[in-house]
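Welcome to the tour! Open your viewer, get ready to select residues, and follow along one stop at a time.

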Amino acid sequence: MRFSLPLFLTAALAGPGAAQTCESPVGPIETCLVGAWIGSSTIPEAMEAMMRAMPDNVRASFNDLGRPVAMIIYEDGFFETFPMGANGNATFEDEDGEITRVEMNAQTITSAGYITAMGGMLDICHLPGGAGGLTGEMTVTTSDGSATVPVAPPPGPQSFNPVITYTCSGNSMQQMVALPAPLGTITYDMARVPLSAFPEEMRDRVEDLPTE
């Protein structure tokens, strides 16, 4: 394989702005964004388009990837996201007819931090230990056999900080996260729901975040 599937998935799923860390509110937030949100993203379409653009003959399905999306944003800008599925599979055929199959079974890790959002621009910073990531495993099968490895974000500090724009009106919010090619912009379409839609035990997870 000529690329790192976990690396691309981490960029798409683990949450933007991983380079920034904060422990308190950092700026103003538009009132419309405050609340509990559930929705979906265009991550599956972006992943499949990326695969089709590769030089190898690639067949891929990521229909279960990144759906649903769930988060709570509080009045002071504090936010927390909740685990979402990151399952997918792809089949690669190279110029020699060799087949490589990849199956991934994973989910995102809770992330938390603070949002600054005004005038259509959104910035995110994370609590120490709250930048999220992926957990699970990936199985790669070739003619030589199969190997299963854990899915993990790339080691070392991450410096990428994407541009995030948003629109919000009434009970609808959309976030657009500009990721590098070949993924491109990921869109999150969110609908407001009652806070009771999130069980108390889920909302308590943010208190158990690891420290750096």
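Start with the whole chain shown as a surface. About 10,400 Å² of the chain is exposed, and carbon and sulfur atoms supply 52% of that area (accessible areas come from the Shrake-Rupley method with a 1.4 Å probe, and for residues only the protein chains shown count as cover).

A word on what you are looking at: this is a predicted model, where local features need pLDDT of at least 70, side-chain atom pairs count only at pLDDT 80 or more, and totals for chains, interfaces and linings use all residues. Residues are numbered from 1 along each chain as its sequence is written, and side-chain values use heavy atoms, leaving out hydrogens and water.

Next, switch to cartoon view. You will find three helices and 13 strands (DSSP runs numbered from the N terminus: helices are H or I with at least four residues, strands E with at least two).

Now colour by pLDDT, the predictor's confidence in each residue, from 0 to 100. The chain averages 80. Select H1 to see the lowest confidence, a mean of 55, then strand E11 (residues 164-169) for the highest, at 96. Where pLDDT is low, the predicted coordinates should not be read in detail.

For the last stop, select Ile29, in the loop between helix H1 (5-13) and strand E1 (35-41). Is Ile29 buried or exposed? Its relative accessible area is 15%, so Ile29 is buried (under 20%; exposed is over 50%, partly exposed in between, with a 1.4 Å probe and protein chains only). Beyond its neighbours within four places in sequence, Ile29 is in contact (heavy atoms within 4.5 Å) with residues including Ile73, Tyr74 and Ile115. Ile115 is 86 residues away from Ile29 in sequence, yet their C-alpha atoms are 7.0 Å apart.
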